[in-house]
Amino acid sequence: VAGNVCHAVWVWIIPVAYILIIGTIIARTWRLYRIFKHTFKPGRLISDPVLSSFVLTLLCVYALIGTAWTAIDPLKIETASKTIEAKKVEFKIVSRTTCQASQYYYMWTGVVSAYLTLMMIAMVVLSLLTMNIDRKNFTTKSIRVLTYLLALTSILCIPA
């Protein structure tokens, strides 16, 4: 059971939540770009179903990656334990439990990280392209601040 929970969290829950957050920001920023800044047809409105299908497409692409990871090389739980002997009394202490007992763990993590990094780059580029839209528009400012904070925290969390 613990191995299934471990697999669900690392392969599915965390990346899907990240994609939902970044995908929504990309979709909203793309809408602003199309309305105000697009070179060929400015002022063109993008409907909500189109934006929702865009986010759904991002999720489907990750579903292919996650399904391949789950089918080919699922994560297993790995427990390291220590035995300490002190004055004829033996203690067994479980020191650490990890989920990284997959044969190609670093390859799969690299594929997922590359996909999420591409989404992050698209989010930052769209945010920079829409930076000079009407300063009174609170939506663009809040999206821009959220984009930069999310990019900064993602970069800071990479070594962890």
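This briefing introduces the chain by its confidence, its helices and a few individual residues. The structure is a predicted model, in which the chain averages a pLDDT of 76 and 69% of the residues score at least 70. Where pLDDT is low, the predicted coordinates should not be read in detail.

**Confidence along the chain**
- Among the elements of the chain, helix α2, covering residues 48-72, has the highest mean pLDDT, at 91, whereas strand β2, covering residues 89-98, has the lowest, at 56.

**Helix α2**
- The 25 residues of α2 should span 36 Å at 1.5 Å a residue, and this agrees with the model, where the end C-alpha atoms of the helix are 36 Å apart.
- The buried residues in α2 are Leu51, Val55, Leu58, Tyr62, Ile65, Gly66 and Trp69.
- An α-helix has 3.6 residues a turn, so residues three or four places apart point the same way.

**Helix α1 and a nonpolar patch**
- Isoleucine 14 is placed in helix α1, which runs over residues 2-36, and with a relative accessibility of 44% this isoleucine counts as partly exposed.
- Together with Val9, Trp10 and Ile13, Ile14 makes a nonpolar surface patch of about 360 Å².

**Proline 74 and the loop after α2**
- Proline 74 lies in the loop between α2 and β1, the latter being residues 78-86, and is partly exposed because its relative accessible area of 30% falls between the limits of 20% for buried and 50% for exposed.
- Although proline 74 and tyrosine 104 are 30 residues apart along the chain, their C-alpha atoms are separated by 9.3 Å.

Terms used:
Residues are numbered from 1 along each chain as its sequence is written. This is a predicted model: local features need pLDDT of at least 70, side-chain atom pairs count only at pLDDT 80 or more; totals for chains, interfaces and linings use all residues. Side-chain values use heavy atoms; hydrogens and water are left out. pLDDT is the predictor's confidence in each residue, from 0 to 100. Helices (H or I, at least four residues) and strands (E, at least two) are DSSP runs, numbered from the N terminus. Buried means under 20% relative accessible area, exposed over 50%, partly exposed in between (1.4 Å probe, protein chains only). Patches are made of residues with over 30% relative accessible area and no salt bridge: like charges are joined within 9 Å, nonpolar side chains (Val, Leu, Ile, Met, Phe, Trp, Tyr) within 5 Å. Accessible areas come from the Shrake-Rupley method with a 1.4 Å probe; for residues, only the protein chains shown count as cover. A salt bridge is a side-chain nitrogen of Lys or Arg within 4 Å of a carboxyl oxygen of Asp or Glu. The expected span of a helix is 1.5 Å times one less than its number of residues.
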